[in-house]
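Reader: I should be grateful for a close look at a single part of this structure. Please set that part in its surroundings, and explain each term as it arises.

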There are 2 protein chains.
Amino acid sequence: MTTIKDRRTIRKYKHEQIDDSLLNELLSTASRAATMGNMQLYSVVITKDDATKQKLSPLHFNQPMVMDAPVVLTFCADFHRFSLWCEQRDAVPGYDNFLSFINAMSDTLLFTQNFCTLAEEAGMGTCYLGTTIYNPLGIVDVLKLPKLVFPVATITVGYPDESPEQPDRLPLEGIIHENTYRDYEACDIDRIYAYKESLDENKNFVKINSKETLAQIFTDIRYKKSDNESMSAGMIEALKSQGFL
Amino acid sequence: MTTIKDRRTIRKYKHEQIDDSLLNELLSTASRAATMGNMQLYSVVITKDDATKQKLSPLHFNQPMVMDAPVVLTFCADFHRFSLWCEQRDAVPGYDNFLSFINAMSDTLLFTQNFCTLAEEAGMGTCYLGTTIYNPLGIVDVLKLPKLVFPVATITVGYPDESPEQPDRLPLEGIIHENTYRDYEACDIDRIYAYKESLDENKNFVKINSKETLAQIFTDIRYKKSDNESMSAGMIEALKSQGFL
């Protein structure tokens with residue numbers, strides 16, 4: 001409980017390596033997460049060598065964690081292994097479709113989050129790289145992922161060399177709904193986002209970017225419609241290429 | 001660590017209710033999970049009343065946990081709230097696309113898994129209902145989900161009234177890859193699936209269903225190609241209807 005409550009993203013790591021047997025134990029324990037029909041529709045690629053990290057780095061927009069962390073884990077939705085097993089057992093697999101991707105992605109993310117909790121409980125720090133799905137075919141290429149394997153999350157892991165402030169979260173009332181979804185009125189939105197908007201750090205972002213509101217930082221700079229649309233097309237192309245669409 | 005290591009799905013619950021303040025604390029703490037740009041792209045609909053559960057139940061193939069659990073949680077990918085905030089702040093949201101759905105789904109599942117770990121740590125049992133994405137539009141309708149809100153996971157929660165055996169998992173070597181993906185040879189597949197195939201329970205499944213192999217139980221009965229394909233079409237239709245495609 002305390003581990004999760006005090007959780008924060010760690011982007012700077014000590015040079016200390018992570019013991020292989022500990023890493024394996026954490027991954028093995030993480031696989032206790034719920035999984036669709038106990039199929040375990042995931043694989044994780046463990047990258048420690050600099051040459052492979054150097055190839056991954058630009059695909060993650062050269063975020064320094066990729067080169068600096070002792071371990072980079074790419075969690076992949078994987079229906080390939082299961083389908084191979086089916087084929088070897090006179091069974092005809094039918095998992096080259098979108099629903100199967102969503103099932104495998106779900107399995108993978110539950111496993112990923114379990115791993116993060118366990119790593120943090122063991123004193124490590126993690127950073128979730130959302131960039132994994134920005135250029136999935138690049139990662140497919142570097143990690144040599146076969147069809148029906150798709151990268152969905154990258155986690156950098158190491159022993160923390162920083163202790164950043166914990167970021168804000170929305171008040172709970174902003175994310176829960178009783179029985180059915182109660183739509184937000186203008187006053188609800190004002191109240192839910194008030195604290196986030198009040199933070200000096202966020203006010204400063206708005207100022208130095210010459211914007212009028214914090215929301216414009218997101219829509220105009222960080223997560224732009226044009227980028228989202230071109231990356232949506234890339235994601236769909238990648239799903240086709242990997243055999244899920 | 002022990003909570004995750006000993007984890008098993010719980011499908012039978014005591015009549016005991018879950019204290020609201022405890023449930024809220026667990027959900028609030030769960031929101032410490034990593035989230036894309038700290039946008040928290042999720043909502044959770046908490047269903048406790050029988051009338052709503054009765055509407056949800058057939059959408060989950062009448063699995064008894066929906067009616068029997070004191071609490072049913074539907075975790076939804078949600079770009080609606082964030083987009084409303086943008087609109088109220090003179091910012092033009094650009095999140096009606098596939099990448100944004102994948103981002104929101106990722107956020108949601110990390111939050112979901114964190115919640116499950118916390119609930120189990122607090123002595124509760126959970127069951128992950130994979131059926132949520134089998135008929136998403138039905139759930140959208142019952143829970144009155146607006147556009148840019150999409151159900152991705154349902155968790156039933158309660159105090160355990162059973163202590164089932166822990167299910168098998170693949171050996172770790174079956175799911176990890178060093179540096180790049182090492183494809184499986186026939187002997188790898190045999191070794192990785194040997195334990196699962198050796199279990200009496202699984203051998204019995206094969207026998208009573210008059211199948212030749214355990215894999216055929218999956219391909220011919222549990223997760224059939226024709227079902228996957230029709231549900232893929234339904235999922236894509238639902239993504240369009242909810243504004244993500």
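Author: Of the 245 residues of chain A, 47% are classed as buried; a residue is buried if 20 or more other C-beta atoms, placed from the backbone, lie within 10 Å of its own, exposed if 12 or fewer do, and partly exposed in between. The model is predicted, so local features need pLDDT of at least 70 and side-chain atom pairs count only at pLDDT 80 or more, whereas totals for chains, interfaces and linings use all residues. Residues are numbered from 1 along each chain as its sequence is written, while chains are lettered from A and ligands numbered from 1 in the order in which they are written.

Chain A has 11 helices and five strands, these being DSSP runs numbered from the N terminus (helices: H or I, at least four residues; strands: E, at least two).

The part chosen here is helix α2 of chain B, residues 20-30. Its buried residues are B:Leu23, B:Leu26, B:Leu27, B:Thr29 and B:Ala30. Viewed down the axis of α2(B), these buried residues fall within an arc of 165 degrees, so they line one face of the helix; the arc is that of the directions from the helix axis to the C-beta atoms. An α-helix has 3.6 residues a turn, so residues three or four places apart point the same way. On the other side of α2(B), B:Asp20 and B:Ser21 are exposed.

The buried residues of α2(B) pack against elements of both chains: α1 (2-5) and β5 of chain A, and β1, β2 and α6 (98-121) of chain B.

Three of these neighbours, β5(A), β1(B) and β2(B), belong to an open sheet of five strands with mixed pairing, in the order β5(A)-β1(B)-β2(B)-β4(B)-β3(B). β5 (176-178) of chain A and β3 (125-129) of chain B stand at the edges with a single partner strand each, so one side of each is left without a neighbour in the sheet. Strands pair if DSSP finds at least two bridges between them. Strands β1 (residues 42-47) and β2 (residues 71-78) of chain B run antiparallel and are joined by six bridges; B:Ile46, for instance, has B:Leu73 in β2(B) as its bridge partner.

As for the two chains, chain B can be laid on chain A with an RMSD of 0.0 Å by a turn of 180 degrees and a shift of 0.0 Å along the axis, the superposition being by least squares on the C-alpha atoms of residues with pLDDT of at least 70 in both. The two copies are thus related as by a two-fold rotation axis.

Conventions:
Two residues are in contact if their C-beta atoms, placed from the backbone, lie within 7 Å.
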